[in-house]
Amino acid sequence: MMGGLALAAIPLPSLARMPFRLGLTPVFLDNDAEIIERLHQALSTAMDREIELVQRRTYAEVTGLLLTDTLDAAWLCGFPYLQHADALDLLAVPVWQGKPLYRSYLIAARGTQATGLSDLRGATHAFSDPDSNSGYLVTATDLIRMGARAETWFSRSIFAYGHRNVVRAVAEGLVDSGSVDGYVWETLAKVEPELTRGTRVIGKSEWLGFPPVCVGKDAAGNEASRALRQALIGLPESMAGRAALSALQLDGFQEAPAGLFDGIARRMRLLES
Amino acid sequence: MNRALHRLTTLPLSLRLPLLGAAMMLLVGIVASQQVLSALGRVQDARLQELARLHVEGLSVALGPLVLRRDIWEVYDTLDRAAKASAGRRMALTAVADDGGRVLAASDPRQVPIDSAITGFAEGAVALDQLSVGARDETVRLIAPLDYQGRMVGQIVSELDVTDLQTERRHALLFLLLGNSLATLILAGLGYLAMRQMLQPVTTLARHMTGAEGAPQRIAEAEVPRGDGELARLTRTYNGMVDAVSAKAEAERRLAERERFVALGRLSSSLAHEINNPLGGLLNATDTIRNFSDRPDVVRASAALLERGLLHLRDVARVTLEENRLDRQDNHLTRTDFEDIRLLIEPELKRKQQALDWQVTADAAKGVALPAAPLRQIMLNLILNASAAVGHGGQIGLHAMAGDDGFALEVRDTGPGLPEAARARLLSDALLTPGGGVGLRLVRDLVSGLGGRIEHAREDGTTRIRVFFNSMGHGNRDRADA
């Protein structure tokens, strides 16, 4: 008892000073230091707490860190969220062009004759990440619907681990085509038009749930998680928040509506079938 | 080439030597330039190899694990970032292949697509230690193993841009050419002046050797180089030789002059007889006139005899005087000259009871513009020589004739023939041997001086010496035993 009291009495300055660790997957322009910095400032200010933004190369790495509580929260993709839906909770979802939705784009190098996935047989293709919805799942399941498999449809497929990398790989001629996040491609078309100019969108998927910010189920209701949700949803209300959203080309964040990821779930089932 | 060489050899020494010096400098310049360029090439090659080795080593470290995992994107991204970091620099294009030779990625995938065979891009590529800038291609290709953790996991093929190194080499060549040309030009000019200065005594010597009259001239003491150098000694020796030649010419001139008196001396006793013999008759004629003064027919006959005798004596005296006259150098040969010579030598020949076959055609001297004095000396000497050769009772002949091509004179005798020494004196410029006399050599010198030529023949016991002068006053070279 004494021990328990002692423990309760011990102030937790060390814990209090620990920064909030938010994992980032390459769902957006994670290589843009200015965007990262603006997001960092906006969230730190809103949460009144030091934020540590943690970046890893793959979705799997970030998801793994979140599942092992190394991260307090993470901006994941709908696909890995659904893969670990039993262990993760949705905290908020970005709003892009007025909706919490986005699409997967199939892009090809400018100058090629391909008009769709069916024309890309034997081509070289770049995926973003094996755990990315727009950067893998959509194209893989479209091929399944066509009765084909990504491993054999393309002469060579690579993972570029980043939507911007996919656009680069196609634009710079490393591969003939790529699967990319539509939101990233559209944003790049505004901020780096010389990059997207080398590519051409030859296919767009249906609207799907935008990559969400998730927390572990155990932390879903804690103060830090609630503070992050408030900070995200309240970003449009502060100057720093608006600057961050402007950099991200997003309208804001909202709570995820029910059934937002049903489309992705259907594709997952198709992939597993 | 030969013509150019010939033209070069005809240039003055004062120009040839500086030109030779300039040519040597040019040669040295070319060799030195070649050495410099060669050294520059080696330095550039070493620099290129060092750079390429760092490039390969850096890529090996960065790409080793990526190649091992076949992480195409990361390989490409690394190459792309490396290429962008060195944009406009040495590495123009780099491709990385796996251990099977299949391209994983290249800094420009459009040129070297993924999954293509690296052998296509590696064509003409050389190993690191054989890497050289070369002179023709703007790029060179390097192939190197990609080692990771002690084993080869792939290959790196890089295309290196060497245009800047080639430009550097071209600039070096240009600077060397300009520098060497300028240096050669300046030094050749200085060399020319220095050589000209040094060769001034030689030029002076050459100028004096062919003086204004075509004869060697003495070099004035003021122009003799100072000191005791080779050129000073050469000039002094030359002056000594010129003095000796002048002395020799003067001696020969005096000798020739004396020879005329010698010839007359040889005739003097005959001439004395020629004068003395008629004197008795003439004195008898005066006695006859004195004794038979009352007989006009006897007086007339004696006076006529006296006149003929005196005329003969006058002719003998005139001829003798004529032979010794020194002021008839410009008189041309006439028929009278032949008669004079005959008059001079006949008493001597009579004394020796020698027969003279005298054939002088009427127009022998007509149209022949030859000076009389040397021709008389030539005839006199040749006839006296023949007379001495044939001995008592021998036969001597003289034949003079003029033709379209000039004038010919032949003196023949039935003597034993000219001995070798006498022939050498008459037909060559060989040095005179002591004791041989100078009569025949004088003939040779006089004939040469008049542009004539001498021929000697021995036929059927007769010695024939022929002298020719062509119509232009020039003869041909001597021909012995023609």
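Two residues are in contact if their C-beta atoms, placed from the backbone, lie within 7 Å. Keep that cut-off at hand for the exercises below, and remember that this is a predicted model.

**Exercise 1. The contact between the chains**

Task: Find how many residues chain A and chain B each bring to the contact, and what kinds of residue chain A offers.

Solution:
- Step 1. Count each side: chain A gives 11 residues to the contact, and chain B gives 8 residues.
- Step 2. Look for the elements on the side of chain A that touches chain B: β8 (156-159) and α8 (163-171) of chain A each supply at least two residues.
- Step 3. Pick out the main contributor: β8(A) holds the largest share of that side, 3 residues.
- Step 4. Sort the residues of that side by type, which gives 6 nonpolar, 3 polar and 2 charged.

**Exercise 2. A sheet in chain A**

Task: Work out the strand order of the open sheet of 5 strands in chain A, and say which strands are at the edges.

Solution:
- Step 1. Strands of a sheet pair through backbone hydrogen bonds, either parallel or antiparallel.
- Step 2. Trace the sheet across: the order is β8-β7-β9-β6-β10 in chain A, and the pairing is mixed.
- Step 3. Find the strands that pair on one side only: these edge strands are β8 and β10 (199-204) of chain A.
- Step 4. Check the twist: on average, neighbouring strands of this sheet are turned by 25° against each other, direction ignored.
- Step 5. Zoom in on one pair: β7 (residues 124-127) of chain A and β8(A) are parallel, with 4 bridges. Within that pair, Thr124(A) has Arg156(A) in β8(A) as its bridge partner.
- Step 6. Add the helix that packs on the sheet: α6 (residues 133-145) of chain A touches β6 (104-109), β7 and β9 (177-181) of chain A. The direction of α6(A) makes about 120° with that of β9(A).

**Exercise 3. A hairpin in chain B**

Task: Describe how strands β3 and β4 of chain B are joined.

Solution:
- Step 1. Set the scene: chain B has 12 helices and 10 strands.
- Step 2. Give the direction and the bridges: β3 (residues 139-148) and β4 (residues 151-161) of chain B run antiparallel and are joined by 10 bridges.
- Step 3. Name one bridge: Arg141(B) is partnered by Glu159(B) in β4(B).
- Step 4. Look at the turn: the two strands form a hairpin with 2 residues between them, and Gln149(B) in the turn has a positive phi of about 50°.

**Exercise 4. Checking the length of a helix**

Task: Does the span of helix α5 of chain B agree or disagree with 1.5 Å a residue?

Solution:
- Step 1. Helix α5(B) covers residues 163-198, which is 36 residues.
- Step 2. The expected span is 1.5 Å times one less than the number of residues, so α5(B) should span 52 Å.
- Step 3. Compare with the model: the end C-alpha atoms of α5(B) are 50 Å apart, which agrees.
- Step 4. List the residues of α5(B) that are buried: Leu165(B), Thr184(B), Ala188(B) and Met195(B).

**Exercise 5. Buried or exposed?**

Task: Are Leu43(A), Asp69(A) and Asp115(B) buried, partly exposed or exposed?

Solution:
- Step 1. Recall the cut-offs: 20 or more other C-beta atoms within 10 Å make a residue buried, 12 or fewer make it exposed, and anything in between is partly exposed.
- Step 2. Leu43(A), in helix α3 (residues 33-47) of chain A, has 23 other C-beta atoms within 10 Å, so Leu43(A) is buried. Leaving out residues up to four places away in sequence, Leu43(A) touches Ile51(A) and Ala231(A).
- Step 3. Asp69(A) sits in the loop between α4 (59-67) and β3 (73-75) of chain A. Asp69(A) has 12 other C-beta atoms within 10 Å, so Asp69(A) is exposed. Its phi is positive, about 60°, although Asp69(A) is not a glycine.
- Step 4. Asp115(B) lies in the loop between β2 (103-106) and α4 (118-121) of chain B. With 13 C-beta neighbours inside 10 Å, Asp115(B) is partly exposed. Phi of Asp115(B) is also positive, near 75°.

Key:
Residues are numbered from 1 along each chain as its sequence is written. Chains are lettered from A and ligands numbered from 1 in the order in which they are written. This is a predicted model: local features need pLDDT of at least 70, side-chain atom pairs count only at pLDDT 80 or more; totals for chains, interfaces and linings use all residues. Ala, Val, Leu, Ile, Met, Phe, Trp, Tyr, Cys and Pro count as nonpolar, Asp, Glu, Lys and Arg as charged, and the others, Gly among them, as polar. Two strands pair if DSSP finds at least two bridges between them. Axes are lines fitted to C-alpha atoms, for helices over the stretch in contact, and angles run from 0 to 180 degrees between N-to-C directions.
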